[in-house]
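Thank you all for coming. I would like to walk you through one structure this morning, slowly enough that everyone can follow along on the screen.

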Amino acid sequence: MHDIIVIGGGPAGASAAILAAKAGKKTIVLDNDKGVTKRAWFENFYGIEEIGGPDLIAIGKKQAEKFGAGFFNETVVRIESGDEGVTVITEDNQYTAKEVIIASGMLTAVADESGIQKKPGTEPRVKTIIDVDADGKTNLPHVWAAGTVAGESMHGIITAGHGAKVAINVISELNGERYVDHDLLKG
Ligand SMILES: Cc1cc2nc3c(=O)[nH]c(=O)nc-3n(C[C@H](O)[C@H](O)[C@H](O)COP(=O)(O)OP(=O)(O)OC[C@H]3O[C@@H](n4cnc5c(N)ncnc54)[C@H](O)[C@@H]3O)c2cc1C
């Protein structure tokens with residue numbers, strides 16, 4: 001059983017995976033490379049002068065892997081939440097976790113198949129989003145959503161930040177107390 005499964009390896013999902021894995025949580029990311037970020041060019045990302053989407057995605061994956069997160073090329077079909085945790089069913093496999101974060105960008109098929117409540121999107125070109133509370137929780141127990149699919153403004157730094165925020169909330173819930181990840185200046 002994994003601690004945290006993240007669905008989607010874009011800025012929201014990989015950012016969540018970095019925090020989760022760095023916190024010592026057994027974390028995997030399931031992604032099918034159908035995100036929008038690989039088409040983007042960023043000049044508005046704080047701390048990065050300019051970067052192409054494919055490079056941003058590759059660096060995010062490398063960061064998460066450095067802390068132990070595993071990445072798997074999988075298409076998630078649906079999620080079932082029960083007493084034994086959450087089961088994530090893909091086209092080829094199934095995985096279980098204590099908590100799941102959906103960071104599927106503009107794609108909401110997993111929500112449709114899983115009985116996860118949706119609502120109309122408010123951001124340009126985003127038709128439908130997952131209905132989440134302020135912490136990122138969906139109506140399905142132990143299932144959260146982050147980034148574009150959770151209705152955040154569709155900008156890399158915002159979706160990445162929201163992935164991090166939701167991950168901190170998930171880690172805090174698993175730990176039973178608020179969690180903070182601060183490193184001291186090296187050297
Ligand atoms: C052309 C273009 C230009 C842009 N330019 C900028 C810019 O200049 N500045 C800026 O800030 N933002 C820009 N953006 C927006 C920015 O790229 C997005 O807001 C942000 O990257 C979205 O991140 P995300 O993680 O929410 O979604 P995504 O990056 O779309 O990631 C979602 C991931 O979930 C995966 N996924 C979905 N469903 C499943 C499933 N069932 N099973 C497995 N995996 C699944 C997808 O494969 C994908 O990898 C641009 C977007 C586009 C399209």
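The unreviewed UniProt entry carries an annotation, "domain: FAD/NAD(P)-binding", that covers residues 2–116, and I should say at once that what you are looking at is a predicted model. Within that annotated span, 28% is helix and 36% is strand, while the C-alpha atoms at the two ends lie 21 Å apart.

Stepping back to the whole protein, we can count 4 helices and 11 strands, and the C-alpha trace spans about 45 × 40 × 30 Å along its principal axes. A compact globule of 187 residues would have a radius of gyration near 16 Å, and because the protein has 15 Å, the two values agree. Buried residues make up 43% of the 187 residues, and of the contacts with a separation of 6 or more, 59% are between residues 24 or more positions apart.

Let us turn to helix α1, which has 12 residues and reaches 16 Å from its first C-alpha to its last, close to the 16 Å expected at 1.5 Å a residue. Why do we call α1 largely enclosed by the rest of the structure? We do so because 11 of its 12 residues are buried, among them Pro11, Gly13, Ser15, Ile18 and Leu19. These buried residues pack against β1, β2, α2, β8 and α4, and after the helix comes glycine 24, whose phi is positive, near 90 degrees.

Helix α4, at residues 156–175, can be checked in a similar way: its 20 residues should span 28 Å at 1.5 Å a residue, and its end C-alpha atoms are 28 Å apart, which agrees. The buried residues of α4 include Gly156, His162, Val166, Asn169 and Ile171, and the partners that the buried residues pack against include β1 (2–7), α1 (11–22), α2 (53–66) and β11 (143–145). Just after α4, glycine 176 takes a positive phi of about 75 degrees.

Finally, which residues are the closest to the ligand? Of the 36 residues that surround the ligand, the closest are Gly8, Gly10, Gly35, Gly105 and Gly147. Both helices we have just discussed return here, since α1 and α4, along with β2 (27–31), β3 and α3 (109–114), each supply at least two residues of the shell. In character, the residues of that shell divide into 15 nonpolar, 16 polar and 5 charged.

Conventions
Residues numbered from 1 in each chain as written. Predicted model: local features only at pLDDT ≥ 70, side-chain atom pairs only at ≥ 80, totals over all residues. UniProt positions renumbered as here; feature names shortened; annotations may be inferred. Expected span 1.5 Å × (residues − 1). Buried ≥ 20, exposed ≤ 12 C-beta atoms within 10 Å, placed from the backbone. Contact = placed C-beta atoms within 7 Å. Near = placed C-beta within 6 Å. Nonpolar A, V, L, I, M, F, W, Y, C, P; charged D, E, K, R; others polar. Rg over C-alpha atoms; globule rule 2.2 N^0.38 Å.
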